[in-house]
Amino acid sequence: MRRLIQKYAPVIRFIFTFLGAYLLLALLYNLYLQNFDWGDYYPDFLTHLVAVQSEAVVSALNYNSEVTPGYPETNMHLMVNGKFVARIIEGCNAASIIILFVSFMLAFSGKLKTTFFFTLAGVVIIYVINILRIAFMAIGIYELPEYAHFLHSIAFPLVIYGVVFLLWVLWIIIYSKQIKYERSR
């Protein structure tokens with residue numbers, strides 16, 4: 001049994017680091033959601049910010065857009081040209097996807113500086129892609145309401161998860177080059 005554990009130590013370390021990081025970050029995020037009074041930033045600061053920034057992108061694309069709190073539900077309503085097109089809920093802010101990405105990066109880390117900057121860049125890319133995803137989905141639902149389910153349930157989740165997957169693949173390529181370089185020294 002001991003030889004088996006030694007043989008698969010990197011895999012075991014990856015799994016436990018990933019799960020530990022994911023659980024810790026998810027716990028911290030839930031504490032963030034439950035323990036702060038957001039005042040003007042309904043329903044929470046991050047979701048509010050994502051809604052406002054998505055609305056700004058829609059407006060920049062020459063559509064009249066507006067976001068309003070979706071009382072009594074905890075969401076923001078996104079309107080395009082006066083038509084309700086989307087509820088932006090806490091799950092739309094990409095925090096859980098960012099937590100997943102960061103957990104992977106911590107579990108599969110390389111050199112500290114390289115890992116830190118790649119992780120930071122990845123978080124920014126995911127955040128920006130999420131804003132664009134919401135904005136384009138809102139416009140798509142406005143222009144093609146018959147495809148709302150497809151856009152919301154298939155096309156745009158594929159975009160955000162696809163970006164995360166591509167970032168992971170890119171990191172594995174970078175990481176494996178680091179290992180080859182270190183072994184060749």
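Contact here means heavy atoms within 4.5 Å, and angles run from 0 to 180 degrees between N-to-C directions. With that in hand, let us walk through this predicted model, starting at one of its helices. Helix α5, residues 112–143, lies across β2 and β3 and runs at about 150 degrees to β3.

What kind of sheet does α5 meet? Three strands in the order β1-β2-β3 form an open sheet with antiparallel pairing. At the edges stand β1 (65–69) and β3 (83–89); each has a single partner strand, so one side of each lacks a neighbour in the sheet. On average, neighbouring strands here are turned by 25 degrees against each other, direction ignored. As a reminder, strands of a sheet pair through backbone hydrogen bonds, either parallel or antiparallel.

Take the two pairings in turn. Between β1 and β2, which run antiparallel, there are five bridges, and Pro-69 stands opposite Met-76 of β2. A hairpin of five residues makes the connection from β1 to β2. On the other side, β2 (residues 75–80) pairs with β3, again in the antiparallel sense, over six bridges. If you would like a residue to click on, Asn-75 has Ile-89 in β3 as its bridge partner. A second helix also packs on this sheet: α3, residues 45–60, touches β1, β2 and β3, and its direction makes about 165 degrees with that of β1.

Now for the aromatic residues. A pair of aromatic rings is described by the distance of the centres and the angle of the planes. Rings count as a pair when their centres lie within 6.5 Å, and by this rule there are twelve aromatic pairs. In one of them, Tyr-42 and Tyr-71, the ring centres are 4.4 Å apart and the planes are at 45 degrees, so the pair is tilted. These two tyrosines link distant parts of the chain, 29 residues apart: Tyr-42 sits in the loop between α2 (9–34) and α3, while Tyr-71 belongs to the loop between β1 and β2. Which of the two is buried, and which exposed? Tyr-42 has a relative accessible area of 14% and is therefore buried, whereas Tyr-71, at 57%, is exposed.

Another tilted pair brings us back to α5. The rings of Phe-118 and Trp-171 have centres 5.0 Å apart and planes at 40 degrees. This pair, too, links distant parts of the chain, with Phe-118 in helix α5 and Trp-171 in helix α6 (residues 148–184), 53 residues apart. Both Phe-118 and Trp-171 are buried. Trp-171 is also one of the residues touched by Thr-115, along with Met-105, Ser-109 and Gly-110, leaving aside residues up to four places away in sequence. Thr-115 is itself in helix α5, and its relative accessibility of 7% is why it counts as buried. Elsewhere, Phe-14, Phe-18, Tyr-22, Phe-104, Phe-108 and Trp-168 form one aromatic cluster.

Our last stop is the largest pocket, with a volume of about 430 Å³. Which of its 23 lining residues are closest to the centre? They are Arg-87, Cys-92, Arg-133, Met-137 and His-152. At least two lining residues come from each of β3, α4 (95–107), α5 and α6. Helix α5, where we began, gives the largest share of the lining, six residues.

Definitions and conventions
Residues numbered from 1 in each chain as written. Predicted model: local features only at pLDDT ≥ 70, side-chain atom pairs only at ≥ 80, totals over all residues. Heavy atoms only, no water. Pairing = 2+ DSSP bridges. Helix = DSSP H or I, 4+ residues; strand = E, 2+ residues; numbered from the N terminus. Phe/Tyr/Trp six-rings, centres within 6.5 Å; stacked < 30°, edge-to-face > 60°. Buried < 20%, exposed > 50% of the residue type's maximum accessible area, 1.4 Å probe, protein only. 1 Å grid on protein atoms, 1.4 Å probe; cavity = no way out; pocket = protein on both sides within 12 Å on 5 of 7 lines; lining within 4 Å. Points joined across faces, edges and corners; volume = space filled by probe spheres on them.
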